[in-house]
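Here are a few exercises to work through with the model open beside you. Try each one before you read its solution.

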Amino acid sequence: MKRYSAFAIAKEAIRQHTGWTRAWASPEPKKKYDVVIVGAGGHGLATAYYLGKNFGITNVAVIDKGWLGGGNTGRNTTIIRSNYLQDPSAAIYEKARSLYETMSQDLNYNVMFSPRGVIMLAQTQHEIRGYKRTAHANSLQGVQTEWIGPERVKELCPIINLDGPRYPVLGGLWQARGGSARHDAVAWGYARACSDMGMDIIQQCEVTGVMTEGGKVKGVNTSKGDILCDKLGMVVAGHASVLAGMAGFKLPIESVPLQALVSEPIKPCMDVVIMANTVHGYMSQSDKGEMVIGGGTDGHNNYTQRGSFHHIEETVRALVETFPMIARLKMLRQWGGIVDVTGDRSAILSKTPVDGIFVNCGWGTGGFKAIPGSGWAMAELMAKGYSPLTEEFNMFRFKEGKFIDESVAAGVAH
Ligand SMILES: Cc1cc2nc3c(=O)[nH]c(=O)nc-3n(C[C@H](O)[C@H](O)[C@H](O)COP(=O)(O)OP(=O)(O)OC[C@H]3O[C@@H](n4cnc5c(N)ncnc54)[C@H](O)[C@@H]3O)c2cc1C
């Protein structure tokens with residue numbers, strides 16, 4: 001792999017940029033791998049990366065039916081935070097947040113991590129109580145967050161309207177080292193590093209069946225032929241229950257569209273991320289100047305990457321009352337992704353009823369922030385059969401009633 005650096009750019013400039021090599025290879029699938037990961041989103045690629053980096057397992061294929069990063073990983077609003085309530089969540093999200101801090105250096109790829117700070121607004125008494133409780137829990141967990149009053153919210157984000165026609169801003173939960181990163185770059189950075197370790201990233205290759213024998217995985221049927229493997233990771237977000245169905249088990253997942261939109265670019269006006277969960281909208285400003293806006297999930301299951309039109313209106317209404325200055329902005333693009341939501345709003349990282357099949361899903365509306373931590377933990381689970389970070393996220397918790405209830409921190413937030 002050619003190292004990216006200021007020196008490399010200068011050298012290439014002199015020779016008319018003729019020396020750059022492809023960032024990752026596009027091989028045809030081999031007959032057999034030690035590990036096959038289905039899903040070249042952030043979580044699948046990060047799992048492959050840490051399998052190689054932490055455990056030396058590199059005979060790995062990452063397969064995607066589309067293009068890498070073309071699922072939710074390339075469709076989200078890139079909010080990164082770790083201010084969750086329950087201990088298992090705080091552990092995995094904080095692991096992820098801390099890995100984001102050095103990801104560009106680790107991958108030698110600029111993922112534009114920007115720890116600009118995230119505020120989750122409290123607009124009801126109930127939210128004040130909830131966020132103060134989370135701040136206390138976070139201090140016990142070693143996650144740095146603080147409760148701030150409305151004056152500090154205004155100081156951090158001068159364009160906010162504290163009085164709100166429906167709900168006033170009463171304060172917020174502030175995580176100063178939360179922020180955002182460039183989502184495609186996260187996928188591209190991991191893909192490049194995986195390819196460099198000799199792993200095969202196979203795009204335009206749909207998994208159509210899962211082969212098992214005697215309760216153990218044998219491989220997958222794909223649109224490019226059968227591929228055998230010793231271990232299989234299903235990391236396909238909104239399609240998790242479809243893949244599980246192919247292997248003969250069920251997952252407690254609902255697949256619903258979630259949408260986002262961006263405005264025309266404007267001059268810098270906001271250097272924090274704001275989430276307003278009561279009126280329901282969230283916003284940040286990208287490096288290009290576009291206001292990046294996210295809304296809610298559709299109320300019914302489906303697999304279209306679009307979302308219902310009324311959500312756009314609801315989201316824009318919420319944000320116009322919170323930030324009146326955006327009222328005359330034109331919206332440039334809107335899109336949706338299929339998110340995989342569990343009953344307790346927490347992810348599933350787990351062994352499955354089929355020996356050798358592991359599943360990573362259920363990140364719902366908020367899994368971008370978890371990518372490095374999830375990949376780290378999933379790799380450990382797949383390599384060693386156990387990871388302290390995944391232990392409580394197993395799929396069997398729903399039978400046993402051991403929920404990781406994050407409906408306050410994650411139910412509608414991102
Ligand atoms: C609009 C929107 C906004 C969001 N905002 C945020 C946010 O601000 N912060 C945050 O933390 N999270 C956010 N999220 C959630 C986040 O994007 C997801 O949790 C995360 O990207 C999931 O990554 P993944 O790798 O699991 O899935 P994906 O990136 O969806 O990757 C799964 C891959 O599996 C492939 N696949 C599916 N079926 C098959 C098959 N049969 N064969 C082969 N390949 C298959 C798909 O093509 C896809 O590329 C948002 C999501 C959306 C949609």
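A residue counts as near the ligand if its C-beta atom, placed from the backbone, lies within 6 Å of it. Keep in mind that this is a predicted model.

**Exercise 1. The ligand shell**

Task: Find how many residues surround the ligand, and work out which elements and domains supply them.

Solution: Start with the count. The ligand is surrounded by 40 residues, and the closest are Gly-41, Gly-71, Asn-76, Gly-337 and Gly-367. Next, look for elements that give two or more residues to this shell: they are helix H2 (42–55), strand S12 (254–265) and strand S16 (331–341). Then sort the shell by class, which yields 14 nonpolar, 21 polar and 5 charged residues. Finally, turn to the domains: domain 1 (30–78 + 183–252 + 344–410) and domain 2 (114–179 + 254–341) each contribute at least three residues to the shell.

**Exercise 2. Where the domains meet**

Task: Describe the contact between domain 1 and domain 2.

Solution: First take the centres over C-alpha atoms; they lie 28 Å apart. Now count the contacts: 17 residues of domain 1 touch 16 residues of domain 2. On the domain 1 side, helix H8 (240–247) and helix H12 (407–410) are the elements that give two or more residues. That side of domain 1 is made up of 6 nonpolar, 9 polar and 2 charged residues.

**Exercise 3. Tracing the sheet**

Task: Give the strand order of the open sheet of 8 strands, then name its edges.

Solution: Reading across, the order is S5-S6-S4-S13-S14-S15-S12-S16, and the pairing is mixed. The edges are strand S5 (146–148) and S16, each of which pairs on one side only. From one strand to the next, the twist averages 20°. Now zoom in on one pair: strand S4 (residues 118–122) and strand S13 (residues 273–276) run parallel, joined over 3 bridges. Within this pair, Val-118 sits opposite Val-273. To finish, add helix H9 (residues 309–322), which lies across S12, S13, strand S14 (281–285), strand S15 (290–297) and S16, at about 125° to S15.

**Exercise 4. One loop residue**

Task: Is Tyr-167 buried, partly exposed or exposed?

Solution: Begin by locating Tyr-167 in the loop between helix H6 (150–156) and strand S6 (171–175). Burial requires 20 or more C-beta neighbours within 10 Å, and exposure 12 or fewer. Tyr-167 has 18 such neighbours inside 10 Å, so it counts as partly exposed. Leaving out residues up to four places away in sequence, Tyr-167 touches Gln-123, Thr-124, Thr-278 and Val-279. The C-alpha atoms of Tyr-167 and Gln-123 are 5.6 Å apart, although 44 residues separate the two along the chain.

Methods. Residues numbered from 1 in each chain as written. Predicted model: local features only at pLDDT ≥ 70, side-chain atom pairs only at ≥ 80, totals over all residues. Helix = DSSP H or I, 4+ residues; strand = E, 2+ residues; numbered from the N terminus. Contact = placed C-beta atoms within 7 Å. Nonpolar A, V, L, I, M, F, W, Y, C, P; charged D, E, K, R; others polar. Domains from an automatic or database assignment. Pairing = 2+ DSSP bridges. Axes fitted to C-alpha atoms, helices over the stretch in contact; angles between N-to-C directions.
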